[in-house]
Amino acid sequence: PGFGDQVVNAEKAEVMGVGLQVPRPDPDAGHEAAAVAQYRADVAERLRHVCSEKAYLEKASECAGRLQRAGGVPRAVEVMLT
């Protein structure tokens, strides 16, 4: 994630233990292609890591349970519209 609130959400996901963030590169002029290739490789590597580690699934399940107990999407919509 690298646009709008995505950076903050990625940081939160990492703190919560449900994901890993991958900092977006800011390459010097002329080095964009290499930076993009490295970024893609970094994203793929971290995605494989998250998908292969049981701890991330456990934390995600805990998070999903908390969201459900709080009322899930219907409650979130209700809060936002009132």
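This tour proceeds from the whole chain to selected helices, side chains and one surface patch.

The model is predicted: local features need pLDDT of at least 70, side-chain atom pairs count only at pLDDT 80 or more, and totals for chains, interfaces and linings use all residues. Residues are numbered from 1 along each chain as its sequence is written, and side-chain values use heavy atoms, with hydrogens and water left out.

**The whole chain**

Begin with the entire protein in a cartoon view. It contains four helices and zero strands, where helices (H or I, at least four residues) and strands (E, at least two) are DSSP runs numbered from the N terminus. Along the sequence the pattern reads α-α-α-α. The radius of gyration is 17 Å, well over the 12 Å that the globule rule gives for 82 residues, so the protein is more spread out than a compact globule. That radius is taken over C-alpha atoms, and the rule is 2.2 Å times the number of residues to the power 0.38. Taken along the principal axes, the C-alpha atoms fill a box of roughly 50 × 35 × 15 Å.

Next, display the surface. About 6,500 Å² is exposed, and carbon and sulfur atoms supply 59% of it; accessible areas come from the Shrake-Rupley method with a 1.4 Å probe, and for residues only the protein chains shown count as cover. Buried residues make up 12% of the 82 residues. Here buried means under 20% relative accessible area, exposed over 50%, and partly exposed in between (1.4 Å probe, protein chains only).

**Helix α1**

Select Ala 13, which lies in helix α1 (residues 6-16). Not counting residues up to four places away in sequence, Ala 13 touches Val 18 and Gly 19, a contact being heavy atoms within 4.5 Å. Then add Asp 26: its C-alpha atom is separated by 22 Å from that of Ala 13, 13 residues apart along the chain.

**Helix α3**

Move to residues 54-69. The 16 residues of helix α3 should span 22 Å at 1.5 Å a residue, and the end C-alpha atoms are 23 Å apart, which agrees. The expected span is 1.5 Å times one less than the number of residues.

Show the side chains of Lys 54 and Glu 58. They form a salt bridge, with the closest N and O atoms 3.9 Å apart; the term requires a side-chain nitrogen of Lys or Arg within 4 Å of a carboxyl oxygen of Asp or Glu. The two residues are four apart in helix α3 and are thus separated by about one helical turn. Lys 54 is exposed, at 60% relative accessible area, whereas Glu 58 is partly exposed at 40%. After α3, select Gly 71, whose phi is positive, near 115 degrees.

**Helix α4**

Two salt bridges are counted in total. For the other pair, select Arg 75 and Glu 78, whose side chains meet at 2.9 Å, N to O. They are three residues apart in helix α4, about one helical turn. Arg 75 is partly exposed at 37%, and Glu 78 is partly exposed at 43%.

Finish with Leu 81, found in helix α4 (residues 72-81). At 71% relative accessibility, Leu 81 counts as exposed. Add Val 73, Val 77 and Met 80: with Leu 81 they make a nonpolar surface patch of about 470 Å². Patches are made of residues with over 30% relative accessible area and no salt bridge, like charges being joined within 9 Å and nonpolar side chains (Val, Leu, Ile, Met, Phe, Trp, Tyr) within 5 Å.
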